[in-house]
Amino acid sequence: MSTTNSNIVDKLSLQVDSFQEGFEILSESKSINEMAKQFATLLRGNFLVTDVNLFYKNVSNSTWEMIYGNKENYTKWMIVNNSSSMQIEYDLNEDVKACVNLPLVDKSVMGITIGAKLDKSDFTDFDKITLQIFLQLLDNAYQSVINRQKEKKLIFELNQRVLQLNNLIDTGIDLSKFENRQLLFQLALQRAAVLTDTSHALIGISKDEETLEEIFFPPGLDSSIINESENKISASFSYQEKEYNFTLANKESRTGVAEYTDLDKLLLEAIARQVNAAIENEFLHEQSLIKERIEQELNVAASIQQKVIPQELPKIPGYDVAGINIPSREVGGDYYDCIDLGDNRFALVMADVAGKGIAASLLVNTLNASLYAYLDNKTPLVEMTEKLNKIIFNASPSDKFITYFITILDAKTGELDIVNAGHNPMLLLRENGTMQKIEAGGLGLGMFDFGLPYEGEKQTIKTNERLLLYTDGIPEAMNENEEEYSDERMEEFFLLNKTKTAQEFVDKIVNDVKSFAGNAEQSDDITTMYLIKK
Amino acid sequence: MLTDFNFTSVFKDNSLIMKTSGYINNTAGEKITNEFMKHKDEGVNKVIMDLQDSKVVNSIGVSYLIEIIEKLNESNGKLYFLNLDPTIEKTFSIMGLFQFAEKADSVEGALSK
């Protein structure tokens, strides 16, 4: 090593601390302009120069921008080439003693001009080496600032993602709380706009391509702003024949409008799905309230219905009688009764309303009330049935009618006065084992009001003879294979169990029907009444 | 909520008091920053922002507020927020604004800090 070189190294060694300090000052700069100012200060202090100018040319901009100094026209000294390494030219003229072209890490370029020293001396070799070191420090500090900015941007973006996730969760919770549809839509639009940095948003609700309603964010927005925008995304869903279309328009950035990303589309779709779920939940909630109210009404109807079904049948001297009604739903359409009319006379009634529920219950009650009124007045059966037909016809819609069977038993003589209005035949099992089907009568009550006459019939029940009244819930009971219990099976059961008491027979036939049906749901009311003359 | 962003401001004793209304987005952020920059060279070292009538802020709006906070930091100044909607408060908290900015109960409270 020469003496001169050895001196330079010694002098540079003495400046290590000052280089370190220079780097720290430069790398703490908040902006490129601040860095330029600090660098100019370093150059002035070290080389004792007054005139320092710094220029900057970023990646996309091809023109130099003055970032420090006052000699704007010195851009003419900037070195024009695309070299990726640092270039320095010295002694350009009396005013410009050094000119630097410093390519930076992000492909931008720093241009520097340094004027004459105060003592007018030339740049020494030591000065030139020192300048190179300073330029290296500037390059490193710039890199450090760029990294810090990248880090800051990354942290901002990470926080933004956390915020988006948080907002999405909060939005789901918040949307599920709203019962007011307008507030729900406004909140959804607001959140979608915030999550995607959007300026304008719209929910359009339409049915059969006709717009029913439009909700904007911000409220009061002119729809043309969204319609005419070319920077927009949308998501939609259909519910109950309505189309809900969400549109976001004009994504923002610090430099103006940005393009929507796939994530933006996903976020909008997520919000649309949350609104869909909220509307669906609201509907289901309303439905459950309606169902609850209907169930309450059915319970009330069922309790009224239970009042017209006899809890206990009257004792008929010389006879054994029993009956049962098992409704298939809360309120059934079957009705039976055994009414003590006095003077050893009893009315046995069996009826079946077409349909179930409250409407059937109302008709059963109408029949019950009318029946009692006419029976009290000792109205003849055929005449009474004709009157009942008119009442039920007027009281029921066209699809509702009642099949009905009534017999007045004179307990002393065993005489039966009978009318069958469209009901299943009554079965009378004679002592000799023959089974008689009694069908005489006419059409069901309330079917027509043409004045068609009802026919009555008289029979006599004798000792050990049995009478079976029933509704179609017994022969038409279905099993899991959709097979019917059938009239044949019921009649056979009737014949095989003729030794049973009335209550035993009723219990046993119900068990037989249930056992036949197995796990199949009870499809109709099961009602029967059984009379034995002892 | 109003359709357009708006604000009022008072500059007194190096403090800039701003009351905003509407969506704090890019346009709003620019307006707020411009107002701040207008007073920066006059020595503003405290900015008090009343957001009572602003219920929505997006991340572009947040980035402008961060810029103001950073500029205030350089001159040992501070930004105070008043009347924050819970959603905005959560946003600011997640975005890290409260590392350098503070909440205050009133303009007087912020001025006395």
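1. Axes here are lines fitted to C-alpha atoms, for helices over the stretch in contact, with angles running from 0 to 180 degrees between N-to-C directions. Helices (H or I, at least four residues) and strands (E, at least two) are DSSP runs numbered from the N terminus. The model is predicted: local features need pLDDT of at least 70, side-chain atom pairs count only at pLDDT 80 or more, and totals for chains, interfaces and linings use all residues. Residues are numbered from 1 along each chain as its sequence is written, and chains are lettered from A and ligands numbered from 1 in the order in which they are written.

2. Chain A overall. Its secondary structure comes to eleven helices and 21 strands. Of its 534 residues, 35% count as buried (20 or more other C-beta atoms within 10 Å of a residue's own, against 12 or fewer for exposed and partly exposed in between; C-beta atoms are placed from the backbone). Taking contacts (C-beta atoms, placed from the backbone, within 7 Å) between residues at least 6 apart in sequence, 64% join residues at least 24 apart.

3. Helix 3 and helix 4 of chain A. The axes of helix 3 (residues 32-47) and helix 4 (residues 125-177) come within 11 Å and cross at roughly 165°. That angle makes helix 3 of chain A roughly antiparallel to helix 4 of chain A (angles over 145 degrees count so, under 35 as roughly parallel, 65 to 115 as roughly perpendicular and the rest as oblique). The crossing is right-handed (the near helix is turned clockwise from the far one by less than a right angle; anticlockwise would be left-handed). Helix 3 residues including A:Phe39, A:Leu43 and A:Phe47 meet helix 4 residues including A:Phe134, A:Leu138 and A:Val145. The residues of this contact divide into ten nonpolar, two polar and one charged (Ala, Val, Leu, Ile, Met, Phe, Trp, Tyr, Cys and Pro count as nonpolar, Asp, Glu, Lys and Arg as charged, and the others, Gly among them, as polar).

4. Helix 4 and helix 7 of chain A. The axes of helix 4 and helix 7 (residues 262-308) of chain A come within 9 Å and cross at roughly 15°. The two helices are therefore roughly parallel to each other, and the crossing is right-handed. On helix 4, A:Leu168, A:Gly172 and A:Leu175 are among the residues that meet helix 7, where A:Ala270, A:Gln274 and A:Val275 are among the partners. By class, this contact has seven nonpolar, six polar and no charged residues.

5. A:Leu102. This residue is in strand 4 (residues 98-103) of chain A. A:Leu102 is buried, with 20 other C-beta atoms within 10 Å. Leaving aside neighbours within four places in sequence, its contacts include A:Met86, A:Leu135 and A:Leu138. A:Leu102 and A:Gln87 are 15 residues apart in sequence and 6.7 Å apart in space, C-alpha to C-alpha.

6. Nonpolar cores (sets of buried Ala, Val, Leu, Ile, Met, Phe, Trp, Tyr and Cys residues joined through C-beta atoms within 7 Å). The largest has 62 residues, and A:Ala188, A:Val275 and B:Val47 are among those that touch the most other members. Helix 5 (residues 181-195) of chain A gives the largest share of this core, nine residues. Not counting residues up to four places away in sequence, A:Val275 touches A:Leu175, A:Leu184, A:Ala188 and A:Tyr244. Apart from this core lies another, of 58 residues, including A:Val353 and A:Ile474.

7. Chain B against chain A. Here 16 residues of chain B are in contact with 19 residues of chain A. On the chain B side, helix 2 (59-74) and helix 3 (86-94) are the elements giving two or more residues. Helix 2 of chain B gives the most, with four residues. By class, the chain B side has six nonpolar, nine polar and one charged residues.

Notes. Two residues are in contact if their C-beta atoms, placed from the backbone, lie within 7 Å.
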